[in-house]
Amino acid sequence: MDTCVFHQMISIGIESSADKLGIGIITDTGDILANVRRTYKPPHGSGIHPREASEFHSSYIAEAIRDAYLEANLKPKDVDLISFTKGPGLGPCLRVGAVASRTLALTTGKPLIAVNHPIAHIEIGRLVGDLDDPVVLYVSGGNTQVIAYSQGRYRVFGETLDIPVGNCLDVFGRNAGLSDKEMPMGRVIELEAEKGTEYIPIPYVIKGMDVSFSGILTHVTKLLRSNKYKLTDLAFSLQETVFAMLVEVTERALAHTKKSEVLACGGVASNKRLTEMLAEMSSSHGNGVKFTGLDANLAIDNGVMIAWLGLIMYNSGNRTKLSDTLVDQHFRPDDVVVNWR
Ligand code: AMP
Ligand code: MG
């Protein structure tokens, strides 16, 4: 009797665009076999230093890759495809992932795919959230964009004109002396904000479809240093203001595109108040829009999303030449031609 052996395609993804080093392994049916993450923690009071973060990644990448193979119970030769983050992100950090990926590809003889980080967030969200065509609010430490698919590309409908919203929360938290906690700064601010009772007016800065946070950061830092306000009230007011701006731009993208799903991703999307506001806006918009957030494991930067995007790109005929595996710190989602949807 003939036996037909069905070979599932398996992809490994390497993410190293900022402070997180992520290695993920996923099958072409969407089974997650490994999701390993190591996070670089800057010294108390300072932000991510790109060279130091990249040294952290260099020290741990071999071990993290080995752990991912162990978690998946696989050997390098069992994996069919290697994907890595081409950008956007911090150059020195991105280069560690790119070098490791090229090395893996050359030693195993497997194909290599360079992928765009924001699109990877979107595609893993579409997979696990079972979404077809969402308006995406991507809010993290390094990015703030409202993105939606239109005519063959993921288009950026709105974005920050200066610093990302996560960076605004992080710097405010550092200015308030909160960076000694073993938690993401946004989470520390969230806990302070939950205890806030009074809204202190803060500038609300939307320009067209874009948002701006650097003036807001300067303003709240001045309020903090005036010693006239409670930190809890400032954290509460900061969150209410910046989240309302993000929700407004997301709703306007919904109104324009007439889509019926909203996806929130990136580290800031793990904030309960933000997801509550997005859910409320979605349910009251038009005939009701479905809002989806993601569990932290897949919302925060991870290797699984990189592995998944590489896989769907590869299966749609995309190939990356070795000479095109240089990183691009400013790689935009709208630079990519989307031929898989
Ligand atoms: P990412 O760049 O996607 O890894 O996300 C990191 C960013 O998410 C940092 O700016 C964190 O401070 C922020 N973050 C993490 N958890 C929360 C939270 N619960 N609320 C707001 N921001 C958060
Ligand atoms: Mg990210």
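This is a short tour of a predicted model, stop by stop. Local features are shown only at pLDDT of at least 70 and side-chain atom pairs only at pLDDT 80 or more, while totals for chains, interfaces and linings use all residues. Residues are numbered from 1 along each chain as its sequence is written, chains are lettered from A and ligands numbered from 1 in the order in which they are written, and side-chain values use heavy atoms, without hydrogens or water.

**Stop 1: the magnesium ion**

Select ligand 2, the magnesium ion. Which residues coordinate the magnesium ion? They are H117 (NE2), H121 (NE2), Y138 (OH) and D301 (OD), at 2.1 to 2.3 Å. Donors here are N, O and S atoms within 2.8 Å of the metal (3.2 Å for Na, K and Ca); water is not among the atoms, so sites may look incomplete. Along the chain, the donors follow the spacing H-x3-H-x16-Y-x162-D. Within this set, H121 and Y138 link distant parts of the chain, 17 residues apart. H121 sits in helix α3 (residues 117-128), and Y138 in strand β6 (residues 135-139). Helices (H or I, at least four residues) and strands (E, at least two) are DSSP runs, numbered from the N terminus. H121 and Y138 are both buried. Buried means under 20% relative accessible area, exposed means over 50%, and partly exposed is in between (1.4 Å probe, protein chains only).

**Stop 2: H117**

Stay at the ion and pick H117, one of its donors. H117 is in helix α3. Is H117 buried or exposed? H117 is buried, because its relative accessible area is 1%. Show its side-chain contacts next. The side chains of H117 and E15 are joined by a polar contact of 2.9 Å. Another polar contact, of 3.1 Å, joins the side chains of H117 and H121. A polar contact is a pair of N or O atoms within 3.5 Å; within protein, one must be able to donate a hydrogen and the other to accept it, and residues adjacent in sequence count only if both atoms are side-chain atoms.

**Stop 3: ligand 1**

Now select ligand 1. There are 18 residues around ligand 1, and K20, D170, G186, E190 and G267 come nearest. A residue is near a molecule or strand if one of its heavy atoms lies within 4 Å of it. Pick K20: an N or O atom of its side chain is 2.8 Å from an oxygen atom of ligand 1. Pick D170: an N or O atom of its side chain is 2.6 Å from an oxygen atom of ligand 1. At V268, a polar backbone atom is 3.4 Å from an oxygen atom of ligand 1. How much of ligand 1 does the protein cover? The protein covers 93% of the 510 Å² of accessible area that ligand 1 has on its own. Such areas come from the Shrake-Rupley method with a 1.4 Å probe; for residues, only the protein chains shown count as cover.

Color the helices around ligand 1. Helices α4 (165-175) and α5 (185-194) are the elements that give two or more residues to the shell. The largest share, four residues, comes from α5. Why does ligand 1 lie between domain 1 and domain 2? Domain 1 (10-122 + 299-335) and domain 2 (131-293) both give residues to its shell. These domain bounds come from an automatic or database domain assignment.

**Stop 4: backbone details**

Most residues other than glycine have a negative phi, and most peptide bonds are trans. Go to P88, in the loop between β4 (81-87) and α2 (91-108). The peptide bond from G87 to P88 is cis, with omega near -5°. Next, find D130 in the loop between α3 and β6. Phi of D130 is positive, near 55°. D130 counts as exposed, at 63% relative accessibility. Then move to Q151, in the loop between β7 (144-150) and β8 (153-159). Phi of Q151 is near 45°, also a positive value in a residue other than glycine. Q151 is exposed, with a relative accessible area of 72%.

**Stop 5: helix positions**

Select P50 in helix α1 (residues 50-72). P50 is partly exposed, with a relative accessible area of 28%. Add G91, in helix α2. G91 is buried, at 0% relative accessible area. The C-alpha atoms of G91 and P50 are separated by 7.6 Å, with their positions 41 residues apart along the chain. Finish at L169 in helix α4, which is buried at 3%. Its C-alpha atom is separated from that of V242 by 9.5 Å, and the two are 73 residues apart along the chain.
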